[in-house]
Amino acid sequence: MADLFLAAASSVTTAASAAEAIASGLGTGALALQLNAGAIAPEVAVLLTLVVCLVVDLAGEKAASRWVPPICYGGLGASLVLLALQWDSPLEPSFLGSFLADNLAIAFRAVVAASTLISLLLSWRYVERSGTPMGEYAAILLAATLGAMFLCGSTDLVSIFISLETLSVASYLLAGYMKRDARSSEAALKYLLVGSAAAAVFLYGASLLYGLSGGATSLATIGVALQTSASPITALALVFVLATVAFKIAAVPFHQWTPDVYEGSPTPVVAFLSVGSKAAGFALAVRLLVGCFESFDAQWKFLFTVLAVLSMVLGNVVALAQTSMKRMLAYSSIGQAGFVMIGLVCGTEDGFSAMVLYMAAYLFMNLGAFACIILFSLRTGSDRIADYAGLYQKDPLITLGLSLCLLSLGGIPPMLGFFGKIYLFFAGWADHQYLLVVVGLVTSVVSIYYYISVIKMMVVKEPQEASDVVKAYPAITWNLAGMQPLRAALVGCVVITAVGGVLSSPLFDWASSTVAGTPILQQAIAAAAIAPLG
Amino acid sequence: MLSALLLIPFAGALGLLCWPGELATERIRRAALGLLLLQLLWSLRVLLAFDASDPGLQLQESFAWVDSIGLDYRLGVDGLAMPLVLVNAALTLVSAICTRDLSQRPRLYFALLLGISGAVNGAFLSENLLLFFLFYELELIPLWLLISIWGGANRGYAATKFLIFTAISGFLILGAFLGLALVTGQADFGIHPVTTAQLGMGTQLVLLGALLIGFAIKIPLVPFHTWLPDAHTEASTPVSVLLAGVLLKLGTYGLLRFCLGMFPEAWALLAPWLAGWAAVSVLYGSLAAIAQRDMKRMVAYSSVGHMGYILLAAAAATPVSLLGAVFQMVSHGLISALLFLLVGVVYRKTRTRDLEVLRGLLNPERGLPFTGTLMILGVMASAGMPGMAGFISEFLVFRGSLAAFPVATLLCMVGSGLTAVYFLLLVNRAFFGRLAVTPPSGDAVADSRLDVRLPAVALRETLPALALASGVVGLGVLPWGLGKLSEQATTAMAQLPALVAAIQGGGLLS
C-alpha cells in the first residue's frame, strides 16, 4: 500500500508540475517548452479522476456508488479525447526526454484507457455485490491505468521503472481485492512475489545499462552507447530486461503467475490485466527492444521468437485441458500474446501495424468474452466450463456474445480477430518468419478446438443435457445497480467484434498511421530495409 | 449483380435470426424457401447474363476492402464457377424443402443453411485468394453447428472431427496462399498462374503440396477422407445433401482453380503421381463402400471414390478431361444428393439403414416402391449407365485421361465397375426380396408371420427427389447445355501449361 502511495505521490508531483505548466500557458516560454507537459494531459485527466474518486468516497458509500461511475466515465472519456487530440501532433520529448507522446504511445495509451473504461463498466455490479467500497476500487484501478499509460510513453529508465511499479503495485492490490476470498489473497501474494522478483531483475538490468552507457538513463542515449559496446554484459542486460517484458506480457516461460492470478483475482480485474496491462507490456517491449537494443536486433529477435513459439504452443495446448473458464482464458491470453509477438519480431512496417491492430482487436474480443463470463458468474456464481451446458435456452445474450468473441479469438471469419490474425500471419510471412507463422497456424487450429468446445457446451447441448446451474438459472433482470453498464459494455464489445471485421479498413489505416507517426519504429523499419541489401 | 448472390442468403440469414417476436416453424421455413428460391432465380438471371463463348471472368465487381493485406472484394464468374453456383442454389433449396419435422430451433437451422449457401457462393465467385479463404472458413462453423445440433447419436464426435479436419485444411490453404502472394515480394492475392521465372520449382512444389493436401481433406481423397463417412452418418438428410452435393465441390473447385490454375508447371510435374493418387482414392473408396452395412456410409464412401475421378481428370488436364471434371462435379452433386435424399426417406420410414436388416423395400403394396424406383435410377446413374449424368461425366473423364495416364485411367474404370457392384449389393439387399425391416430371428415360422406395412410416402416427400432425378436424366440426355457453358473455360485452363511453357520460352524440365 505504501508503495502505491509513494508511486501515486510521485505521479502527483509530476502531474502538479504538468498542471502548472498548462496553467502558465504556452506563452510563458522556456519551462513549458522544455517540459512540454501537455503531452501528459490524458494522464492528468486520469489522475484528477482518481483524486476526485477518493474524495467522493469520503462522502459515504451511497454517494460514492452514485457518483463514482459517472466521474470515471467522464475522466476516462476526457482522457481518450485528449489522446485523440494528440494524434499526429509534432513530436517534442517532454520532461527532459523521459516521456514521448508519439503515435505508438497514443495508440497503446488509448488501448489501456479503453480497457479500463470497459473493465470499470464490467465492475460496478461485481463490486457492489462484494460489498467493497466503490471509490477505492475505482481509484486503485485508475492508479494502475495511470502507471500503464505512463509506461506506454516512457523513454527513460527511471520513468519506466516508476510507471512499471505504479502499474504493478496497483495490480497486486487489485488481485487481492476480494480480501475474504482465500484464492484472491493467494493470487495477490503470488503476483506480488513474482512481480517483485521481475522488478528486481529489471532494476538489475537497468543498472547494467546505466553503467554500460556511462551514466545515461534515456533510452535513446543508451541505444547509441550500446552500438559501440560489444561487451557480454550487454547480453546480460538484454536478458534481464527481456525477462521483465516477458513477465508483463505473460510470455512462456515467464507465465507461471498468470493462471493462478487470473483464477483468483476478481474477474473484472482479470479483464484489465489481460488487456490493459498486457498492452502496456507490449509498448514497453517496443520501447526497450526496438528503441534501445536496436544494435542487438538479431539477439532479441531470436529470444523473442523462442518466447513466441513457446507461448503459442504452451498457451494453446494447455488451454485444452482447462475446466475453469478463467483459467482457460488465462492460457488463451498467453497464446494470444504469442501471436502478437510475431508482429514485434518481424520489425517491418506491416509487423508493427499488425501488432497494434491485433492489440486493438484483442481489446474488444477479450473484454467482450470477459463481460459474458462476468455476467454468467454474477447470475450463477459459477465459473466452470461444464456449467455453461445448455445456456442458449436460458440466456441467449451471453451465448451469442461469448460465442462471437470466442470465434473471433479463434480467428474465424468474419470476426475482427480473423482480420487481425491474418494481418499478423501476413506480416510474418512477408518477413520470412516461416517458423512463427507455421506454429501460429497450427496452434490456431488447436485454439479453435478449445474455443469451440465452450460454444458446444452453450449452443449444442440440449435442454435435458443442461447443467444444474443452468437448470436453476435465475430470471434475467437488468434493473439491479450496475447491470446496465455491464450490458452496455457487453453489447458494445460484441458488436465491434462482430461488425468491426467487415468494416476493418479504417482500423488498418489507423494501425499503419500509428507506425508512421512513431520515429523509433520508422528507424527500425529503415534499418530492417537496409540490412538485406548490405 | 453477383453481389446479390451473397446478399440474398446473408441478409436473409441475419433477418431470420433477428426478426423480432416468436415465429412459427412453418413460417420460418417458408421464408427460407422463398429466399432460396429467390437465390435460385437470381442465379438463373446470372446464367442468362453469362456469355458462354468468353473463357474469362465475367460480370466482375470489385472494390478495395482492406488494402494493407491485399484483400480485395473481387467477384467474377466463369465457365467453371457458373454451373457450381447453380448447383449450390438448387441443392440448398432442395435441402431446405426436404427439411421436415424440425423439432427445435428452426430459426437457427434455416439461418445456418442460408449462411452456408452464401458462403459457398462467395467462395465460387471470389477472385481474390484471401476472399476465397474467408468464405471457405465461413462455412465451417455453420456446418459444424448443423451437424452437431441436428445430427444423430454420435454427432458430437463426427462434428468435431469434421471441424478439426476442415480447420487444418483451411490453415494449410492459408499458408500456401500467403506463401504464394508474398514470395514474389508484393502482396498480390489475385489469381494468376505463376511461372518458374517468378518462383523456383522447389518452392512451387512445397506450396502446391500444401494446397493439395488442404483441398484433398475437403474433397476428400484417401487418406484424408476419414471425417466424411462419420460426418455423413451423423448428419441429418438435408445436411448430408448439402455436404455431399455442394461443400465437397469447394475442394474440387479449389483443385482446378488454384492448384491447376496457379501452378501449371508444378502440376504438370506432379501429374503422374496425382493420377496414381486418384486411382488409389477411387479403388479404396469403392472397395470400402462394398464393405459397408450402413446405407449412408456406403453412399459416403462412393463419394470418396467418385471424387477421385476429378483428380484424375485434373491430372490429365486435357480439354476433354477438364470438361469431364466439371460434368462430374455437377452430376456427382445431383446424384449423391438424390441418393442421400432417398436413403433419408428409407430411414425415416423404417428407422434403420442397416443393409443386413432391410429387405424387399420395393414391395409394391406395403413397401416403398416409388422410392425404390428412384433409388435404382440414382444407383444406375452413379454407376455410369448411359443416358444419365454419370455416364457423360465418366466417359469424358476417361476419354480425356486415357491417353495421358492409361494405367491410372484403367484402374479408375475398374473403380467405376465396382460402383455397380456395391450399389447392386445395396439395391439387391434392401429393395429386392421379401419385405422386412427387422433382423431375421432365425425362426422361419416367426419370420413369415411378420407383417410389415411401411407408412406411405406422400408425393410431396418425393418431389425433391423426383426433381433431382429428372435433372440427372436431363443432364444425361441433353449434356450440350452444360458443355457449352464450361467448354471455353476448361479449354483455356487446359492450355495453361502450354501457355506458361511458351512464355518461359523453353522446355519445362530442361
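**Interface and salt bridges of chains A and B**

In this predicted model, chain A and chain B bury an area of about 2,900 Å² between them, 79% of which is given by carbon and sulfur atoms. The contact draws on 30 residues of chain A and 33 residues of chain B. Five residue pairs in polar contact, with both residues at pLDDT 80 or more, are found across the interface of the two chains. The elements of chain A that supply two or more residues to the side touching chain B are α18 (416–430), α19 (434–460) and α22 (505–516), and the largest share, 10 residues, comes from α19(A). By class, this side of chain A is made up of 23 nonpolar, three polar and four charged residues. One salt bridge is found across the interface, namely that between A:Glu462 and B:Arg155, whose closest N and O atoms are 3.9 Å apart.

Over all chains, the count of salt bridges comes to 21. Within chain A, A:Lys301 is paired with A:Asp297, the closest N and O atoms lying 3.4 Å apart. Both residues belong to helix α13 (residues 297–319) of chain A, where A:Lys301 and A:Asp297 are four residues apart, about one turn of the helix. An α-helix has 3.6 residues a turn, so residues three or four places apart point the same way. A:Lys301 is buried, with a relative accessible area of 16%, whereas A:Asp297, at 30% relative accessibility, counts as partly exposed.

In chain B, two salt bridges connect the loop between α11 (264–290) and α12 (295–316) with the loop between α13 (319–350) and α14 (369–383). B:Arg293, in the former loop, forms a salt bridge with B:Asp354, in the latter, so that this pair ties together parts that are 61 residues apart in sequence; the closest N and O atoms of B:Arg293 and B:Asp354 are 2.4 Å apart. B:Arg293 is partly exposed, with a relative accessible area of 43%, while B:Asp354 is buried, at 19%. The other pair consists of B:Asp294 and B:Arg353, with closest N and O atoms 3.0 Å apart, and ties together parts that are 59 residues apart in sequence. Both B:Asp294 and B:Arg353 are buried. In chain A, salt bridges that share partners join A:Arg183, A:Glu186, A:Lys190, A:Asp260, A:Glu263 and A:Arg327 into one network.

Helix α3 (residues 81–97) of chain B has 17 residues and an expected span of 24 Å at 1.5 Å a residue, which agrees with the 24 Å between its end C-alpha atoms. Of these 17 residues, 15 are buried, so α3(B) is largely enclosed by the rest of the structure.

Methods
Residues are numbered from 1 along each chain as its sequence is written. Chains are lettered from A and ligands numbered from 1 in the order in which they are written. This is a predicted model: local features need pLDDT of at least 70, side-chain atom pairs count only at pLDDT 80 or more; totals for chains, interfaces and linings use all residues. Side-chain values use heavy atoms; hydrogens and water are left out. Contact means heavy atoms within 4.5 Å. Buried area is the accessible area (1.4 Å probe) that two parts lose on being put together, summed over both. A salt bridge is a side-chain nitrogen of Lys or Arg within 4 Å of a carboxyl oxygen of Asp or Glu. A polar contact is a pair of N or O atoms within 3.5 Å; within protein, one must be able to donate a hydrogen and the other to accept it, and residues adjacent in sequence count only if both atoms are side-chain atoms. Ala, Val, Leu, Ile, Met, Phe, Trp, Tyr, Cys and Pro count as nonpolar, Asp, Glu, Lys and Arg as charged, and the others, Gly among them, as polar. The expected span of a helix is 1.5 Å times one less than its number of residues. Buried means under 20% relative accessible area, exposed over 50%, partly exposed in between (1.4 Å probe, protein chains only).
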